[in-house]
Structures are given as C-alpha cells and as structure tokens.
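Good morning, and thank you for coming. In the next few minutes I shall present one protein model, beginning with a pair of charged side chains and then widening the view.

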Amino acid sequence: MQRQARTTPRKRPTQERSRATVDSILQATARVLVKHGFDGLTTNLVAQTAGVSVGSLYQYFPNKSALVAALIERHVDHMTSLCLGELTRVAQLPVAEAIRSVIEVMIRAHAVQPELHRVLTEQVPRVGRMAKLREIEALVERVVAGLLAARRAELAIEDPEMAAFVLVSAIEAITHRAALLSPELFHDPRLVDETCAMVRRYLGVADG
C-alpha cells in the first residue's frame, strides 16, 4: 500500500526573514503550478524560481504536496477574509446595494488569478484539503444566515439557514465555473448584473 505524502509544513516561520522566505517559496509554487501543473512541479524547480536553496525549502516543506497544500490554505484564507470583511461592511446597507457589493467583491477576487484558482481547485482532493474547504464554507454560510435573519422582514424567505446554503452554493458555483471554464467572463459586467438579479429574485428584493 502506497504511503500518503505528508502535506503539513515541517515548521512555521516565526521571524520576519523566515516569513519572507516562505512567502517567496509559495509565490514561486503558484507560478510553477500554473505553468507546469502538479505533475511538472518539483521542489527543485520551485526553489530555483524562488531564488532559494532546495535545502531552505525543505526546512519548511517536506515535499511538493505540502507546498500545494500550503498554497491552497493561503488562497482560501485570503478569499474568506475578503468575503467576511465585505459581509460585515455591508450589514447595514440597503439589501439590494449589499447584494451587489458582496457579489462584486467575490467576482473581483476570483478574477485576479483565475488560472491559479483553477489549478488549486483541481488539487484540493489530491492534497487532502476538502475538510478545510468545508469548514470555511460552513463559516461563510453561518455569517450569511445571521445577516439574512437580521433582515428577514425585508426578504421573501422562510428559513435563513437554508437560504444561506442556497445562496453561498450558487455564488460559489458561478465564480468557480467562470474561473475553471470561462475566465473571460470576469471582464464582462453582465456576470455581476445577472448574478445580482438571480439573488434579488430569490430573496424577493426589488432592484436597488
């Protein structure tokens, strides 16, 4: 039976210099992964691209699976921070305005590096990060459910938790599908317009 590769870092950087080294390594991992795919990614190539010795890389990451896993976690954490920050910011805005603002932020975030988003999505099952992804999705759903519950009198919904699940799933599907199959749609304003219209109709909100 083949032993599964370790996907956790050997150690975490604690000093500014070591954090800068890890940041360079992960940025290089992203470039190599987009250009060569997982099969073409090697620790030697990542170290060369980052401008560090392979020994320095191995101080933090035991193999390429650990590199990709760390990159996925960083990417997911960044997306989650953007989403939760915007949800908090728009909590008191008119509902139609809040809907548009959140959707614009999510689509802009996915538009920055759609190729990286695509390859990382493909690698999530390979490096065992499905649990991390489900944990983040559940957190976002809870926040959305709380916001919907607070504005329930303005919405045509019966169950805020179910509505949050439907909305988060739908918006994720749209942004992920665009990143995977049609990244050019991120530059088409109709993507935001049509997604907003879908959400407004589902929630029973008039055009803002």
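Please look at E86 and R89, which form a salt bridge whose closest N and O atoms are 2.8 Å apart. I should say at once that this is a predicted model. How far apart are E86 and R89 in helix α4? They are three residues apart, so about one helical turn separates them. The two partners sit in unlike surroundings. E86 counts as buried because its relative accessible area is 11%, which is under the 20% limit. R89, by contrast, counts as exposed because its relative accessibility is 52%, which is over the 50% limit.

As general background, side chains of opposite charge can pair when their charged atoms come close. How many salt bridges does the protein have? The count comes to six.

A second example is the salt bridge between D23 and R74, where the closest N and O atoms are 2.5 Å apart. D23 belongs to helix α1, residues 16–40, while R74 belongs to helix α4, residues 64–89, so this pair ties together parts that are 51 residues apart in sequence. Are these two residues buried, partly exposed or exposed? D23 is partly exposed, with a relative accessibility of 27%. R74 is likewise partly exposed, at 36%.

The third pair is R151 and E154, which form a salt bridge with their closest N and O atoms 2.7 Å apart. R151 has a relative accessible area of 17% and is therefore buried. For E154 the value is 45%, so this residue counts as partly exposed. Elsewhere, R100, E104 and D193 are joined into one network by salt bridges that share partners.

Let us now step back to the whole chain. Which secondary structure elements does the protein contain? There are nine helices and zero strands. Read along the sequence, the pattern is therefore α-α-α-α-α-α-α-α-α. The protein has 208 residues, and 43% of them are buried. Among contacts with a separation of 6 or more, 71% involve residues 24 or more positions apart. The protein exposes about 11,800 Å², and carbon and sulfur atoms supply 53% of that area.

I turn next to the surface. Which residues form a nonpolar patch there? They are M162, F165, V166 and Y202, and together they have about 360 Å² of accessible area. Helix α8, residues 160–181, gives the most to this patch, with three residues. F165 lies in helix α8. With a relative accessibility of 44%, F165 counts as partly exposed.

My last residue is also found in that helix: R177 is placed in helix α8. R177 counts as exposed, because its relative accessibility is 58% and the limit is 50%. Where does R177 stand with respect to R118? These two residues are 59 residues apart along the chain, and their C-alpha atoms are separated by 9.1 Å.

To conclude, I would ask you to keep two pictures in mind. One is the salt bridge between E86 and R89 within helix α4, beside the salt bridge between D23 and R74, which links helix α1 with helix α4. The other is the nonpolar patch on the surface, to which helix α8 gives the most. Thank you for your attention.

Terms used:
Residues numbered from 1 in each chain as written. Predicted model: local features only at pLDDT ≥ 70, side-chain atom pairs only at ≥ 80, totals over all residues. Heavy atoms only, no water. Helix = DSSP H or I, 4+ residues; strand = E, 2+ residues; numbered from the N terminus. Buried < 20%, exposed > 50% of the residue type's maximum accessible area, 1.4 Å probe, protein only. Contact = heavy atoms within 4.5 Å. Areas by Shrake-Rupley, 256 points an atom, 1.4 Å probe, with all protein chains shown as cover. Patch = residues over 30% accessible without salt bridge, like charges linked within 9 Å, V, L, I, M, F, W, Y side chains within 5 Å. Salt bridge = Lys/Arg side-chain N within 4 Å of Asp/Glu carboxyl O.
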